[in-house]
Amino acid sequence: MEQHSNNIVDIHYLQTGQATATDALGMREMQALAYQHRDKRFLLIKAPPASGKSRALMYIALDKLAHQGIKKVVVAVPEKSIGRSFKDTNLMNAGFFADWRVASYFNLTDVKNEQDKKGRFIEFFSNNNTKILVCAHATLRNGMKELPDETFNDTLLAIDEFHHTSADANSNLGDVVRRVMNNSTGHIVAMTGSYFRGDGIPVLRAEDEARFYPITYNYYQQLNGYKYLKNLVLGYHFYHGSYLDHIAEVLDTRKKTIIHIPSVNQRASTGLGKYQETAEIMKVIGTIDHKDYNTGIYYVKTDDGRVLKVADLVEDEQKERNMVQDYLQNIKRRDDVDIIIALGTAKEGFDWQWCEMCLTIGVRGSLTEVIQIIGRCTRDCEGKETARFVNMIAMPDAEQAEVKVAVNDFLKAITASLLMEQVMAPSWKFKTIKDESGPNEDLAHTIVVEGLKPLSSAKTQTIVESQLDDLKAAILQDDMVVKALSGSTTAETITQHLIPKVIRERYPELNDGEVEEVRQRILLDTIIKGNDIVDEKGNPISTITGNNEEKPSEGNRLIKIANRFINIDRLSINLIDTINPFQRAYEVISKSVDAPTLKIIQDTIAEQKYDMTLEQAITLFKGPLKDYVASHNGNVPSVDDPDPKVRELAIAFQKIRNLKQRKMSGLEYEG
């Protein structure tokens with residue numbers, strides 16, 4: 001049955017076909033844009049899932065091999081299943097000068113050949129008969145431990161899902177990138193769908209990122225140019241008790257669906273264990289008819305007699321898991337699979353073009369993760385008019401009005417992020433009473449702390465100014481810290497011993513005094529953000545500071561997370577229509593958001609970047625702005641005008657126009 005009631009956002013697109021139309025070389029819009037800059041040594045492609053980044057890399061890599069002196073290409077992906085995006089591809093039939101070919105021996109993501117991947121990675125560089133290798137991030141890290149930096153001379157390193165260079169603090173991908181950039185003649189193509197700072201964690205150091213040439217292509221450009229996909233729907237479904245008792249309310253077995261269950265450490269977990277939860281979801285789908293032991297696929301018969309093919313990616317047993325992944329990597333038709341149940345996989349880079357719905361259980365603290373999951377169902381595909389993301393969340397212990405505000409804020413954050421806007425909370429700057437204020441200092445986010453150790457070196461200043469969030473992520477992912485947060489370890493042990501341990505491991509060159517300077521900033525930054533950052537188990541980071549207040553419930557985490565976003569309160573957009581209560585749960589229903597509405601949101605975000613009140617805009621509108629238009633043949637001022645006074649009039653005009661458009665569309669937020 002069609003689930004209309006749980007739509008928080010219903011986004012419609014123009015279906016111009018431009019995003020998927022190809023040029024004389026067979027390139028889609030985004031790919032052609034990237035190919036124009038193929039001669040850049042360091043290229044950063046920031047584009048949504050399903051926009052064609054993998055093939056864009058193929059075009060660029062083949063050109064570098066043929067015309068730019070590059071002799072080898074190494075493509076690294078975060079997990080093996082994504083390797084299918086870089087399989088052999090015929091490009092010449094569409095007009096390109098060469099095809100993409102990967103020797104099976106050097107496709108290290110092929111689950112049929114798991115033998116000595118590090119050895120084959122090292123062998124690749126001395127093999128003169130092959131030019132392209134595809135591997136997982138882990139293989140790249142392991143292989144680079146055995147190789148000198150100059151190995152990457154005249155080599156192109158392409159990293160897919162590039163945000164992993166810092167999102168996973170233990171990956172050391174950032175180190176590999178810096179080694180290639182600084183100690184070799186190698187080129188780099190970095191690709192990511194997380195083009196915003198999704199978790200406040202920098203993907204690259206500022207000085208390194210400045211060396212990359214960015215290619216930017218946003219979600220609106222992509223989806224508005226699709227041929228088949230008409231709209232994207234985002235929805236939140238709140239429930240009481242166990243999600244297993246309510247999943248049937250949102251799971252439509254007639255839609256191609258990926259179900260992401262919560263980890264055992266998440267509050268949404270039932271406590272039954274991941275295998276039992278998977279079995280219970282199977283029962284909701286229907287009755288298992290049989291299992292194909294050649295593919296690992298379950299055949300499940302629904303109550304109305306249909307037989308669905310269900311893939312279980314929760315299974316840990318290696319042989320079984322590889323069998324299912326191999327099947328999914330080679331599906332050719334819409335009917336090859338109907339439902340995929342997953343835990344940590346099938347998110348970023350997972351290519352299943354027929355996917356219509358992503359059903360995610362539990363609050364996701366990372367906006368990056370939400371955007372990646374949404375990307376699984378937004379590939380253009382014949383016969384697919386609607387893509388849907390539904391998040392099932394435990395009922396918050398809060399008034400409905402508070403939930404409504406939190407959901408609206410989270411929705412605004414997602415929408416702004418799809419438009420490639422930075423929406424995460426700013427970093428606070430702490431200084432001693434003796435420190436002087438700089439000429440361009442953001443005093444609104446600067447706090448004077450008595451007794452704070454001043455930053456004594458350029459190194460600690462760099463860490464505090466640009467790497468604090470990255471360091472915080474490393475602390476939260478440290479095994480000893482994770483165990484301490486979930487146990488009875490005292491706050492003093494964590495703050496005085498474990499946090500300094502992580503700082504020393506990450507920055508071994510710091511002396512004891514510098515470690516203390518950084519430790520103080522970590523704790524101050526944590527305190528001032530008011531529990532809005534949580535660890536992987538959903539615990540507020542304030543646990544580190546000894547704050548013993550009650551931990552938030554799973555549902556209340558949504559409200560906590562909503563407080564992390566900036567520019568959201570100032571973004572006067574109301575995307576909520578009504579609250580729909582029913583027996584044991586409720587849903588928040590949205591207004592319909594179509595392409596013109598997305599444009600209004602984009603214009604409103606642009607307006608917020610200028611510091612002008614509505615009262616100031618009205619004053620300018622009634623006086624100087626009217627005079628300007630009258631004296632310029634009815635033309636309105638431009639925000640790009642070199643005259644600052646004209647730019648000010650343009651900002652006033654934009655603010656008044658945006659307000660009028662929001663009111664006409666029913667989007668103006670009242671209160």
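# A tour of the predicted model

Select threonine 495 first: this residue is buried, with a relative accessible area of 8%. The model is a predicted one. Threonine 495 sits in helix H16, which spans residues 491-506. Now add isoleucine 522 to the selection. Its C-alpha atom is 9.6 Å from that of threonine 495, and 27 residues separate the two along the chain.

**The whole chain**

Zoom out and colour by secondary structure. The protein contains 22 helices and 20 strands. Of its 671 residues, 57% are buried. Among contacts with a separation of 6 or more, 74% join residues 24 or more positions apart.

**The largest nonpolar core**

Next select Ile45, Leu57, Val73, Val75, Phe86, Trp100 and Val189. These have the most contacts inside the largest nonpolar core, a set of 34 residues. Elements that give two or more residues to this core include helix H1 (29-35), strand E2 (42-46) and strand E3 (72-77). Strands E4 (132-136), E5 (155-159) and E6 (187-192) are also among them, as is H2. H2 provides the largest share, 8 residues.

Which residues does valine 75 touch, leaving out those up to four places away in sequence? They are Leu57, Phe86, Trp100, Leu133, Val134, Cys135 and Ala158.

A second core, separate from this one, has 31 residues; Ile258, Ile297, Trp354 and Ile371 are among them.

**The second largest pocket**

Move to the second largest pocket, with a volume of about 1,000 Å³. To centre the view, select Arg28, Arg55, Asp351, Gln353 and Arg379, the closest to the pocket centre of the 40 residues that line it. By type, the lining has 12 nonpolar, 13 polar and 15 charged residues. Helix H2 (residues 53-67) gives the most to this lining, with 5 residues. H2 is also the element with the largest share of the largest nonpolar core.

**Helix H4 and the loop after it**

Select residues 137-144, which form helix H4. Its buried residues are His137, Thr139, Leu140, Gly143 and Met144. Why are they on the same side of H4? They cover an arc of only 165° around the axis, so they share one side of H4. An α-helix has 3.6 residues a turn, so residues three or four places apart point the same way.

Continue to aspartate 154, in the loop between H4 and E5. Its phi is positive, about 55°, although the residue is not a glycine. Most residues other than glycine have a negative phi. Is aspartate 154 buried, partly exposed or exposed? Aspartate 154 is partly exposed, because its relative accessible area is 31% and the partly exposed class runs between 20% and 50%.

**Past strand E5**

Now select glutamate 161, in the loop between E5 and helix H5 (164-167). Glutamate 161 is not a glycine either, and has a positive phi of about 55°. With a relative accessible area of 4%, glutamate 161 is buried.

**Last stop: alanine 248**

Finish at alanine 248, in the loop between strand E8 (231-239) and strand E9 (257-260). Alanine 248 counts as exposed because its relative accessibility is 53%, and exposed means over 50%. Add isoleucine 281 and draw a C-alpha to C-alpha distance from alanine 248: the two are 8.8 Å apart in space and 33 residues apart in sequence.

Key: Residues are numbered from 1 along each chain as its sequence is written. This is a predicted model: local features need pLDDT of at least 70, side-chain atom pairs count only at pLDDT 80 or more; totals for chains, interfaces and linings use all residues. Side-chain values use heavy atoms; hydrogens and water are left out. On a 1 Å grid over the protein atoms alone, a cavity is a set of points where a 1.4 Å probe fits but cannot get out, and a pocket is an open set with protein on both sides within 12 Å along at least five of seven lines; lining residues have an atom within 4 Å of a point. Grid points are joined across faces, edges and corners, and a volume is the space filled by probe spheres set on the points. Helices (H or I, at least four residues) and strands (E, at least two) are DSSP runs, numbered from the N terminus. Ala, Val, Leu, Ile, Met, Phe, Trp, Tyr, Cys and Pro count as nonpolar, Asp, Glu, Lys and Arg as charged, and the others, Gly among them, as polar. Buried means under 20% relative accessible area, exposed over 50%, partly exposed in between (1.4 Å probe, protein chains only). The arc is that of the directions from the helix axis to the C-beta atoms. A nonpolar core is a set of buried Ala, Val, Leu, Ile, Met, Phe, Trp, Tyr and Cys residues joined through side-chain atoms within 4.5 Å. Contact means heavy atoms within 4.5 Å.
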